[in-house]
Amino acid sequence: MNQKEQVLGPLARALAVLRFVAANRRPATAAEIAAALKLPLPTAHRLIANLEALGYLSRPVGEKGIVPGPELVGLSADAFVFAFAGSGVNAVLRKACDAIGEQCEITVGRRGYMEYLATAKVDMAAGLQFDAGRRSPLHCTSSGKLYLSTLDDAALAKLVPTLPLERFTAHTVTEPEELIRQVHEARRNGFAKSNEEYVA
């Protein structure tokens, strides 16, 4: 523990736990967290319990490990929106948008929706366009289907039945089996598409 962490005490330890869990890429046990951060196991358990109570950490059903919770995911997405607003990312999106004549965007899956972190719009819009900070459902947008295509089959089969699959237009996919079929197609093709499924 460095001098700054000693001064900040519990706050620094809590942030270290969040940083470790977020970077671990798989569920982490309390023992793993304690060992990696050189914390007494009771201290690790106390920090984890407090962060769980606040929604920054969670335990998936059937898993022993700890993963980022909805509040941490939300905080990360908000930070991305702020960071992208003034970064060179927009210049890259603008160049891609001008080259293909379509809106380009960076999105992240968040609580059953796709959140738009940065966007570049075409001048003469022929299709659906979103502003940064907006969100859209997973099941009826190309970015949502593309996100779903990155999940393995077990995670996909677990998530899709929990989605509301609300009908927005006559073309909206509302059957879980059809959505999974389209997601598999997107995974094979390397791209996803939607046809007036969210807005006619």
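This report describes the sheet, the nonpolar cores, two residues with positive phi, the cysteines and one serine of a predicted model.

Residues are numbered from 1 along each chain as its sequence is written, and side-chain values use heavy atoms, with hydrogens and water left out. Because the model is predicted, local features need pLDDT of at least 70 and side-chain atom pairs count only at pLDDT 80 or more, while totals for chains, interfaces and linings use all residues.

## The sheet

Helices (H or I, at least four residues) and strands (E, at least two) are taken as DSSP runs and numbered from the N terminus, and two strands count as paired if DSSP finds at least two bridges between them. On that basis three strands form an open, antiparallel sheet in the order β3-β4-β5. Strands β3 and β5 stand at the edges with a single partner strand each, so one side of each is left without a neighbour in the sheet. From one strand to the next, the twist averages 35°; axes here are lines fitted to C-alpha atoms, for helices over the stretch in contact, and angles run from 0 to 180 degrees between N-to-C directions.

Strand β3 (residues 104-110) pairs with β4 in the antiparallel sense over seven bridges, and the two form a hairpin with two residues between them. In the turn of this hairpin, R111 has a positive phi of about 50°. On its other pairing, β4 meets strand β5 (residues 135-137) over three antiparallel bridges. The table lists residue pairs across these strands.

| Residue | Opposite residue | Strand of the opposite residue |
|---|---|---|
| C104 | A120 | β4 |
| E105 | T119 | β4 |
| Y113 | P137 | β5 |
| E115 | R135 | β5 |

A residue is called buried under 20% relative accessible area, exposed over 50%, and partly exposed in between (1.4 Å probe, protein chains only). Seven of the eight residues of strand β4 (residues 113-120) are buried, so this strand is largely enclosed by the rest of the structure. Helix α7 (residues 142-149) lies across β3 and β4 and runs at about 115° to β4.

## The nonpolar cores

A nonpolar core is a set of buried Ala, Val, Leu, Ile, Met, Phe, Trp, Tyr and Cys residues joined through side-chain atoms within 4.5 Å. The largest such core has 14 residues, of which V17, I33, I48, L51 and L57 touch the most other members. The elements that give two or more residues to this core are the helices α2 (10-24), α3 (30-37) and α4 (41-53), and the largest share, four residues, comes from α2. With contact taken as heavy atoms within 4.5 Å, and residues up to four places away in sequence not counted, L57 touches V17, L18, V21, I48, L51, E52, I66, V67, P68 and G69. A second, separate core of 11 residues includes M114, L156, V160 and L163.

## Two loop residues with positive phi

R25, found in the loop between α2 and α3, has a phi near 70°, a positive value in a residue other than glycine. R25 is exposed, with a relative accessible area of 74%. L165 also has a positive phi, near 50°, and is likewise a residue other than glycine; L165 lies in the loop between α8 (153-159) and α9 (176-189). L165, however, is buried, with a relative accessible area of 9%.

## Cysteines and S149

A disulfide is a pair of cysteine sulfur atoms within 2.5 Å, and by this rule the count comes to zero disulfides. For C97, which is in no disulfide, the nearest cysteine sulfur is that of C104, 5.2 Å away. Seen from C104, the closest cysteine sulfur is in C97, and the distance of 5.2 Å is too far for a bond. C97 counts as buried at 1% relative accessibility, and C104 is buried with a relative accessible area of 11%.

S149 has its place in helix α7 and is buried, with a relative accessible area of 10%. The side chain of S149 reaches the backbone oxygen of L146 at 2.6 Å. This is a polar contact, that is, a pair of N or O atoms within 3.5 Å, where within protein one must be able to donate a hydrogen and the other to accept it, and residues adjacent in sequence count only if both atoms are side-chain atoms. Leaving aside neighbours within four places in sequence, S149 is in contact with V183, A186 and R187.
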